[in-house]
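Colleague: Before we discuss this chain, could you put the model up so that we can go through it together?

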Amino acid sequence: MLHFGILRGGAFQDMTRCMSRWTTAAVVWVAFTSTAGAETLAATVEQWGLLGSWAVDCAVRPDRDKGALLTYEIQKDGRVMYRRNFGEAKDENEVVSATVNAEGLLNVMVYFPSLHQTREFGLLLAKDGSLRAIYNRSERGAYTIRDGKYVATGAPTPAQQRCD
């Protein structure tokens, strides 16, 4: 009986306190990581320098043949949006992930509801502040841009300037 009392009073309370601390730590960790995931995407694009509007020539009005105005912004709910303005046609698409590789390339995945697909593209920010598409591919791996060149023509992708 005395032995049970010692276990109940000493070691049992120590184990209970320890388990309580571990449980609390686990709950805090889960809450933090689920919140941090949403913040990480916005923080990544902001720190990399993607936010704002971009075009090959900011003085030209958006037009499908002459150039689009591409805008990346963070909404109040924390989602990162990618807006394309082709003049007559416009759309809004959600950026679902963004990571930076060792060479500084920003790998972005965007869901396009109108196309019913997710596309991945790599962007490079030059020292002069211009932005260039290095690759663009569908979720099936079909490239429209590869190694900084349009697959269809072999022409290099143009540098885009920040317009705001």
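Colleague: Which pattern does the chain follow when read along the sequence?

Modeller: This is a predicted model, and in it the chain has one helix and ten strands. Read along the sequence, the order of these elements is α-β-β-β-β-β-β-β-β-β-β.

Colleague: Over which residues is the pLDDT below 50?

Modeller: The mean pLDDT of the chain is 84, with 76% of its residues at 70 or more. One stretch has a pLDDT below 50 and, beyond near neighbours in sequence, makes zero contacts in the model. Where pLDDT is low, the predicted coordinates should not be read in detail. The stretch in question is residues 18–38.

Colleague: How many bridges join S2 to strand S3?

Modeller: Strand S2 (residues 69–74) runs antiparallel to strand S1 (residues 52–55), to which three bridges join it, and Leu 70 of S2 is the bridge partner of Trp 54. On the S3 side (residues 80–85) the run is also antiparallel, with Leu 69 partnered by Asn 85. The hairpin of S2 and S3 has five residues between the strands, and in it Gly 78 takes a positive phi near 95 degrees. The number of bridges joining S2 to S3 is six.

Colleague: Which residue is linked with Glu 73 and Arg 83 in a network of salt bridges?

Modeller: The side chains of Glu 73 and Arg 83 meet in a salt bridge at 2.4 Å, N to O, a pair that joins strand S2 to strand S3 across ten residues. Because buried means under 20% relative accessible area and exposed over 50%, Glu 73 at 32% counts as partly exposed, as does Arg 83 at 22%. The further member of their network is Glu 92.

Colleague: What is the N to O distance in the salt bridge of Arg 137 and Glu 120?

Modeller: A search of the whole structure finds six salt bridges, and the side chains of Arg 137 and Glu 120 meet in one of them. This pair links strand S7 to strand S6 (residues 117–125), with their positions 17 residues apart in sequence. Arg 137 is partly exposed, with a relative accessible area of 23%. The N to O distance is 2.9 Å.

Colleague: Is Ser 138 buried or exposed?

Modeller: Ser 138 lies in strand S7 (residues 131–138). Leaving aside neighbours within four places in sequence, Ser 138 is in contact with Gln 117, Thr 118 and Arg 119. Its relative accessible area is 12%, so Ser 138 is buried.

Key: Residues are numbered from 1 along each chain as its sequence is written. This is a predicted model: local features need pLDDT of at least 70, side-chain atom pairs count only at pLDDT 80 or more; totals for chains, interfaces and linings use all residues. Side-chain values use heavy atoms; hydrogens and water are left out. pLDDT is the predictor's confidence in each residue, from 0 to 100. Contact means heavy atoms within 4.5 Å. Helices (H or I, at least four residues) and strands (E, at least two) are DSSP runs, numbered from the N terminus. Buried means under 20% relative accessible area, exposed over 50%, partly exposed in between (1.4 Å probe, protein chains only). Two strands pair if DSSP finds at least two bridges between them. A salt bridge is a side-chain nitrogen of Lys or Arg within 4 Å of a carboxyl oxygen of Asp or Glu.
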